[in-house]
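User: Could you take a close look at one part of this model for me? I'd like to hear about the charged side-chain pairs and what surrounds them.

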Amino acid sequence: MIRASATVPERFAPLFDRHAAAVHRYLARRIGPLADDLLGETFLVAFRRRGDYRSTGVGVRPWLFGIATNLLRHHVRQEERRYRALVRLAATDESPVPVEDAIDRVDARALRRDLAAAMATLRHGDRDVLLLTAWADLSYDEIAAVLDIPTGTVRSRLHRARRLTRLALDPAPSTQEPS
């Protein structure tokens, strides 16, 4: 389809139709309101670079997520600021809550604050792997293709990100696994 679109640009459209929703979900969870703009930019970059596309055996989806992730990296400062703002907001938010929802909301608010703080402290590469796993539901091989890193690196980054996130959410030392 990508090769065919080099001579007939309209043949690129089905690629958008098939993958735009998944890429948009990933972008929306990562960057919020900028997702629409970044989605358009992702497919614009993909269209412009369609001649450079090389099949890696895992399909076109990882290539698109790779473009989206690279665009996100340009917005990393805003993302980190957003996580820090969520931490501050969660610490000061005192809106009225119905009694029956109070306990669930307090737990969720505390978790949101702690999770946002944990996400803000992760290395960029670790955060990318964790979010591509959790929000884009990509396999290790697909994430490796997205980030242009070995699959073993994906596994180690994901393990580290999960461990650090768990530690941030439950800082009590574990007696089962040495650090």
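Analyst: Counting the salt bridges in this predicted model gives 3. As background, side chains with opposite charges can pair when their charged atoms come close.

Let's start with D128, which sits in helix α7 (residues 124–134). Its side chain meets that of R30 in a salt bridge, with 3.0 Å from N to O. R30 belongs to helix α2 (residues 13–31), so this pair links distant parts of the chain, 98 residues apart. Are these two partners buried or exposed? D128 is buried, because its relative accessibility is 3% and the cut-off for buried is under 20%. R30 also counts as buried, at 1% relative accessibility.

D128 has another salt bridge, this one with R73, where the closest N and O atoms are 3.3 Å apart. Again the pair links distant parts of the chain: R73 is in helix α4 (residues 61–73), and the two positions lie 55 residues apart in numbering terms, D128 being in α7. Unlike buried D128, R73 is partly exposed, with a relative accessible area of 37%.

Now for the pair of R160 and D126, whose closest N and O atoms are 2.7 Å apart in their salt bridge. R160 lies in helix α9 (residues 151–169) and D126 in α7, so the pair ties together parts that are 34 residues apart in sequence. R160 is partly exposed at 23% relative accessibility, while D126 is buried, with a relative accessible area of 2%. As for how the bridges connect, shared partners join R30, R73 and D128 into one network.

D128 turns up once more when you look at how α7 packs against its neighbour, helix α8 (residues 140–147). The axes of α7 and α8 are 10 Å apart and the angle is about 135°. That value falls outside the ranges for roughly parallel, antiparallel or perpendicular, so the two helices are oblique to each other. The crossing of α7 past α8 is right-handed.

Which residues make the contact? On the α7 side they are D128, V129, L132 and T133, and on the α8 side I143, V146 and L147. Sorted by class, that contact has 5 nonpolar residues, 1 polar and 1 charged. To pull the threads together, D128 is a salt-bridge partner of R30 and of R73, and D128 also takes part in the contact between α7 and α8.

How values were computed. Residues numbered from 1 in each chain as written. Predicted model: local features only at pLDDT ≥ 70, side-chain atom pairs only at ≥ 80, totals over all residues. Heavy atoms only, no water. Salt bridge = Lys/Arg side-chain N within 4 Å of Asp/Glu carboxyl O. Helix = DSSP H or I, 4+ residues; strand = E, 2+ residues; numbered from the N terminus. Buried < 20%, exposed > 50% of the residue type's maximum accessible area, 1.4 Å probe, protein only. Axes fitted to C-alpha atoms, helices over the stretch in contact; angles between N-to-C directions. Parallel < 35°, antiparallel > 145°, perpendicular 65-115°, else oblique. Left-handed = near helix turned anticlockwise from the far one by under 90°. Contact = heavy atoms within 4.5 Å. Nonpolar A, V, L, I, M, F, W, Y, C, P; charged D, E, K, R; others polar.
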